[in-house]
Amino acid sequence: FDGLTRRIEPGHGHGHRTAKEVFAAWNDPNVSLICTEYANLFIALARAVELRAFYVHVEKDYRGKAVPHDCVAVFVEDRALLVDATYRWFGVPHKEFVVLDDLQAVAHHLVQLKDPDRVLARRRLAVKLHPDFAWAQFDLIRSLCEADQWDEARRVFESVLQLEPSSSDVYLWRGIFADHDGDLDAAADYLQKASALNPEDALAHFGLGEIFGRQGKLSEAREEFRASLRYAQDTSTADNARKMIAQINEKIGIEDNFLQTSKP
């Protein structure tokens, strides 16, 4: 564990290397790793010395903050310890998490593979392998919408409501569906509820910025795009937020932004 923590560095990284691939890349200074990859490697190393270690999907960290995060559970006698290299904490008391068996861990891995030609098929398979995992279903909904398969996306959404009836992700997708149907007022209301439940949801802020922009509320839109940029977990969302902020600055001027921004 101490050896893994010495390799922690900021950066978004690759995201879906296996334990063997992480081990092979360990000494390459140009490789940036993230929590998923540290978890994969730690599990392999722990099992090699006969520790019972399993993959953990974290939904709220030890502060109660909603996070897209992964770590490891190590079972010792009658105790389970959460081992989190990214947080540099052996025994971290995360608030909400799911310990996955190996088949469920495979499903989790399938969700994260980014090959654009196969991502939809892999996420459908992931949901079949772990049908009670809302996180995987939300990612399947995203892929279906990106593939313009909105009817199937709505059917999956109805099934995920049985697992999570009122989470921030539920309101996020209610907002996205309302926006697709052309009901901007309802979409804005849902997305505001999503960002209230999870203030660091970059997608909710970005979607709300787009809606405010179409409604002509450019100052409000810019605030939402800035929030999206602040919390973005991927370069694509961050780049799109910067682009939208620049376009609004061209229309209403950057000085107006400094005058009206309520947050530092």
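Is Glu200 buried, exposed or partly exposed? I will begin there, and the answer is that Glu200 is partly exposed, because its relative accessible area is 31%, where buried means under 20% relative accessible area, exposed means over 50%, and partly exposed lies in between, with a 1.4 Å probe and protein chains only.

Before going on, I should say that this is a predicted model, in which local features need pLDDT of at least 70 and side-chain atom pairs count only at pLDDT 80 or more, while totals for chains, interfaces and linings use all residues. Residues are numbered from 1 along each chain as its sequence is written, and side-chain values use heavy atoms, with hydrogens and water left out.

Let me stay with Glu200 and turn to salt bridges. Side chains of opposite charge can pair when their charged atoms come close. Here a salt bridge is a side-chain nitrogen of Lys or Arg within 4 Å of a carboxyl oxygen of Asp or Glu, and a search of the whole structure finds ten of them. In one, the side chains of Glu200 and Lys65 meet at 3.0 Å, N to O. Glu200 lies in the loop between α9 (184-197) and α10 (202-214), and Lys65 in the loop between β1 and β2, so this pair ties together parts that are 135 residues apart in sequence. The helices (H or I, at least four residues) and strands (E, at least two) that I name are DSSP runs, numbered from the N terminus. Lys65 also counts as partly exposed, at 30% relative accessibility.

Another salt bridge joins Glu96 and Lys60, whose closest N and O atoms are 3.8 Å apart. This pair also links distant parts of the chain, with Glu96 in strand β5 (residues 96-99) and Lys60 in strand β1, 36 residues apart. Glu96 is partly exposed at 36% relative accessibility, and Lys60 is partly exposed at 31%. In the salt bridge between Arg63 and Asp61, at 2.5 Å from N to O, Asp61 is buried, with a relative accessible area of 0%, whereas Arg63 is partly exposed at 49%.

What, then, is the nearest side chain of opposite charge to Arg123? Arg123, in helix α5 (residues 119-129), is buried yet has no salt bridge, and that nearest side chain is Asp139, 4.1 Å away; in this count Lys and Arg are positive and Asp and Glu negative, while His and the chain ends are not counted. The side chain of Arg123 does make a polar contact of 2.8 Å with the side chain of Ser143, a polar contact being a pair of N or O atoms within 3.5 Å, where within protein one must be able to donate a hydrogen and the other to accept it, and residues adjacent in sequence count only if both atoms are side-chain atoms.

Now to the empty spaces. On a 1 Å grid over the protein atoms alone, a cavity is a set of points where a 1.4 Å probe fits but cannot get out, and a pocket is an open set with protein on both sides within 12 Å along at least five of seven lines; lining residues have an atom within 4 Å of a point. Grid points are joined across faces, edges and corners, and a volume is the space filled by probe spheres set on the points.

There is one cavity of 30 Å³ or more, and the largest cavity has a volume of about 50 Å³. Its lining includes Cys35, Asp70 and Ala85, and α3 gives the most to that lining, with four residues. Ala85 also has a C-alpha atom 6.3 Å from that of Leu4, although the two are 81 residues apart along the chain. Leu4, in helix α1 (residues 2-5), counts as buried, at 6% relative accessibility.

The second largest pocket holds about 320 Å³ of space. Of its 18 lining residues, the closest to its centre are Asn40, Ile43, Tyr55, Ala105 and Val106. The largest share of that lining, seven residues, comes from α4.

Lastly, a word on the backbone. Most residues other than glycine have a negative phi. Glu50, in the loop between α3 and β1, has a positive phi of about 65° although it is not a glycine, and Glu50 counts as exposed at 75% relative accessibility. Asp148, in the loop between α6 (134-146) and α7 (150-160), has a positive phi near 60° and is exposed at 58%.
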